Amino acid sequence: MKLRNVLIVVKDIEKSKAFYKDLFNLDVILDNDGNVILTEGLVLQDAAIWKTFTGKEVVPYNNASELYFEERDMEGFVRKLEEYREPIHYVNRLMEHSWGQKVVRFYDPDGNLIEVGTPM
């Protein structure tokens, strides 16, 4: 058995596709009517489909998980965040841990937590 994808729930597929393309350069591999597979194994699923399949409400900003990305040019990435057309909701702005890793944490448009850090 192997893990194939990570799925996150979103309200607006088009807005989310643009967000992940613009900031992370993720491309669409498959767009199947409310289920979109992006490069790097990220899957976007429409919130209405999620609720139909699970019978559960989506709880945005739940801080129960995060998507983790690595970026060598953190200052350049932070500039992309600051220049993004929609406001970014930060958990923490660029900081450096005691072990030397630089990180920034923020939410995507649907309240999914994202961390971007320099490679260790």
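**Exercise 1. The cavity**

How many nonpolar, polar and charged residues does the lining of the largest cavity have? Find the residues, then sort them by class.

*Solution.* Note that this is a predicted model.

Step 1. Start with the count. There is one cavity of 30 Å³ or more.

Step 2. Take its volume. The largest cavity holds about 40 Å³.

Step 3. List the lining. Val9, Val10, Lys11, Ala47, Val58, Pro60 and Asp110 line the largest cavity.

Step 4. Sort them. The lining of the largest cavity has five nonpolar, no polar and two charged residues.

**Exercise 2. The sheet that holds strand 1**

Work out the strand order of the open sheet with strand 1, then place the helices that pack on this sheet.

*Solution.*

Step 1. Read the order. Four strands form this open sheet in the order 1-4-3-2, and the pairing is mixed.

Step 2. Find the edges. Strand 1 and strand 2 (28-31) are the edge strands, and each pairs on one side only.

Step 3. Add the twist. From one strand to the next, it averages 20°.

Step 4. Look at one pair. Strand 3 (residues 35-38) and strand 4 (residues 42-46) run antiparallel and are joined by three bridges. Within this pair, Ile37 stands opposite Val43 in strand 4.

Step 5. Place the helices. Helix 1 lies across strand 1, strand 2, strand 3 and strand 4, and runs at about 160° to strand 4. Helix 2 (residues 47-54) also packs on the sheet, where it touches strand 1, strand 3 and strand 4. The direction of helix 2 makes about 80° with that of strand 4.

**Exercise 3. The sheet that holds strand 5**

Repeat the analysis for the open sheet with strand 5.

*Solution.*

Step 1. Read the order. Here it is 5-8-7-6, in an open sheet of four strands with mixed pairing.

Step 2. Find the edges. These are strand 5 and strand 6 (89-96), each pairing on one side only.

Step 3. Add the twist. The average is 15° from one strand to the next.

Step 4. Look at one pair. Five bridges join strand 5 and strand 8 (residues 113-117) in the parallel sense. Leu67 stands opposite Ile114 in strand 8.

Step 5. Place the helices. Helix 1 lies across strand 5, strand 7 (102-107) and strand 8, at about 10° to strand 8. Helix 3 packs on the sheet too, touching strand 6, strand 7 and strand 8. Its direction makes about 20° with that of strand 7.

**Exercise 4. Helix 1 meets helix 3**

At what angle do helix 1 and helix 3 pack, and how far apart are their axes? Name the residues in the contact.

*Solution.*

Step 1. Give the geometry. The two helices pack at an angle of about 145°, and their axes are 10 Å apart.

Step 2. Name the residues. Helix 1 brings Asp22, Leu23 and Phe24, while helix 3 brings Phe77, Lys80 and Leu81.

Step 3. Sort them. The contact of helix 1 with helix 3 has four nonpolar, no polar and two charged residues.

**Exercise 5. An aromatic pair**

Is the pair of Phe19 and Tyr84 stacked or edge-to-face?

*Solution.*

Step 1. See the total. The whole structure has nine aromatic pairs.

Step 2. Take the values. Phe19 and Tyr84 lie 5.7 Å apart, centre to centre, with 90° between the planes.

Step 3. Apply the cut-off. Planes over 60 degrees apart count as edge-to-face, so this pair is edge-to-face.

Step 4. Locate the rings. Phe19 is in helix 1, and Tyr84 is in the loop between helix 3 and strand 6. The two are 65 residues apart, and the pair links distant parts of the chain.

**Exercise 6. Two pockets**

Which strand gives the most to the lining of the largest pocket, and which to that of the second largest pocket?

*Solution.*

Step 1. Take the largest pocket. Its volume is about 360 Å³. Of its 20 lining residues, Ile8, Val9, Asn62, Ser65 and Asn112 are the closest to the centre.

Step 2. Find the contributors. Strand 1 (6-10) and strand 5 (66-70) each give two or more residues to this lining. Strand 1 gives the most, with four residues.

Step 3. Sort this lining. It has 12 nonpolar, five polar and three charged residues.

Step 4. Turn to the second largest pocket. It holds about 300 Å³ of space. Of its 15 lining residues, Phe24, Leu26, Glu40, Tyr68 and Phe69 are the closest to the centre.

Step 5. Find its contributors. Helix 1 (13-24), strand 5 and helix 3 (74-83) each give two or more residues. Strand 5 gives the most, with four residues.

Step 6. Sort that lining. The second largest pocket has 10 nonpolar, one polar and four charged lining residues.

Note on methods. Residues are numbered from 1 along each chain as its sequence is written. This is a predicted model: local features need pLDDT of at least 70, side-chain atom pairs count only at pLDDT 80 or more; totals for chains, interfaces and linings use all residues. Side-chain values use heavy atoms; hydrogens and water are left out. On a 1 Å grid over the protein atoms alone, a cavity is a set of points where a 1.4 Å probe fits but cannot get out, and a pocket is an open set with protein on both sides within 12 Å along at least five of seven lines; lining residues have an atom within 4 Å of a point. Grid points are joined across faces, edges and corners, and a volume is the space filled by probe spheres set on the points. Ala, Val, Leu, Ile, Met, Phe, Trp, Tyr, Cys and Pro count as nonpolar, Asp, Glu, Lys and Arg as charged, and the others, Gly among them, as polar. Two strands pair if DSSP finds at least two bridges between them. Axes are lines fitted to C-alpha atoms, for helices over the stretch in contact, and angles run from 0 to 180 degrees between N-to-C directions. Contact means heavy atoms within 4.5 Å. Rings of Phe, Tyr and Trp (its six-membered ring) pair if their centres lie within 6.5 Å; planes under 30 degrees apart count as stacked, over 60 as edge-to-face and the rest as tilted.
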